[in-house]
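Thanks for making time this morning; I would like to walk through one model with you. Please have the sequence and the coordinates open while I talk.

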Amino acid sequence: MTTYSSPFTVINPVVITDAMLTSSTVSEAEATWSGATTYALNDVVKYGSNHDKFSSKSAGNINHIPIKYPNETVYWYDEGKTNRWNMFDLTTNIQTTGTSPLTVVLTPGSPITSLQCDVLECDEISVSISDGVSTVYTNTVQIRTRDVIDWYTFFYEQFRYKKSISLYDLPGGVANPVITITFTSTTGTVKVGGCLIGTHYIFGET
């Protein structure tokens, strides 16, 4: 009997803050909640410093502060984060949706050795890392793929998306990395459910 093993790897994620998200091609279009505005049914707002998103449960909704689940009130649904920030919310798999190419630049301020992206709908992901002076790392991963094992599958096998990718070879020797991640899609639309960076640890073989 043949047995197989692989490393049991865990990433200790960095929580992305406003200061770390240097730029994003996804705009934060949601309006900021105002107590002076009367909101209609399904109107969407952002509230607070954590980019939380809410939708109105009723018409004539005025001066009712949005509150997150599980303490939400009869006035607002907790919709998670704004579209720009969905991909950095580690508690859900709600996708950030943007026009291809979707590019984010992260400056975590500390060494990073790994990157993981989940719930993907795109053709490829390109990652580059700079030390502030020159590029020290580049990698491009194909996400749209298909399994070809013979002539029939070469002509007729359907393409599919890899749902997640993990990279464990980021240069941890860079003290203040500038990380550029670009998602591209021939459909013109990119969707990313999760994007995390951090330091990984190997706990043995599984």
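Phe-88 has a relative accessible area of 9%, and since anything under 20% counts as buried, Phe-88 is buried. I should say at once that this is a predicted model, so please take each value I quote as computed from it. Trp-85 is buried as well, with a relative accessible area of 7%, and the two rings, Trp-85 and Phe-88, form an edge-to-face aromatic pair, with 5.7 Å from centre to centre and 65° between the planes.

Phe-88 also brings us to the largest nonpolar core, which has 32 residues, and in which Phe-88, Ile-125, Ile-165, Ile-181 and Phe-183 are the members that touch the most others. Strands that each supply at least two residues of this core include β10, β12, β16 and β17, while β18 gives the largest share, namely four residues. If we look outward from Ile-125, and leave aside residues up to four places away in sequence, its contacts include Cys-117, Leu-120, Val-141, Ile-143, Ile-165, Ile-181 and Phe-183. Apart from the largest core there is another one, made of five residues, among them Trp-33, Val-45, Phe-54 and Trp-76.

Let me stay with Trp-76 for a moment. How are the rings of Tyr-39 and Trp-76 arranged? Their centres are 5.3 Å apart and their planes stand at 70°, and because planes over 60 degrees apart count as edge-to-face, that is how this pair is classed. Tyr-39 belongs to strand β4 and Trp-76 to strand β8, 37 residues apart, so that the pair links distant parts of the chain, and both residues are buried. By the rule used here, the count of aromatic pairs comes to three. A ring also takes part in a contact with a charge, in that the charged end of Lys-57 sits over the ring of Tyr-77, at 4.8 Å from the ring centre.

Now to the sheet. In which order do the five strands of the open sheet run? The order is β2-β10-β17-β12-β13, with antiparallel pairing. Strands β2, residues 21-24, and β13, residues 135-142, stand at the edges with a single partner strand each, which means that one side of each has no neighbour in the sheet. From one strand to the next, the twist averages 10°. Within this sheet, β10 (residues 102-106) and β17 (residues 178-184) pair over five bridges in the antiparallel sense, and Thr-103 has Thr-182 in β17 as its bridge partner.

Note on methods
Residues numbered from 1 in each chain as written. Predicted model: local features only at pLDDT ≥ 70, side-chain atom pairs only at ≥ 80, totals over all residues. Heavy atoms only, no water. Pairing = 2+ DSSP bridges. Axes fitted to C-alpha atoms, helices over the stretch in contact; angles between N-to-C directions. Core = buried A, V, L, I, M, F, W, Y, C linked by side-chain atoms within 4.5 Å. Buried < 20%, exposed > 50% of the residue type's maximum accessible area, 1.4 Å probe, protein only. Contact = heavy atoms within 4.5 Å. Phe/Tyr/Trp six-rings, centres within 6.5 Å; stacked < 30°, edge-to-face > 60°. Lys NZ or Arg CZ within 6 Å of the ring centre and 35° of its normal.
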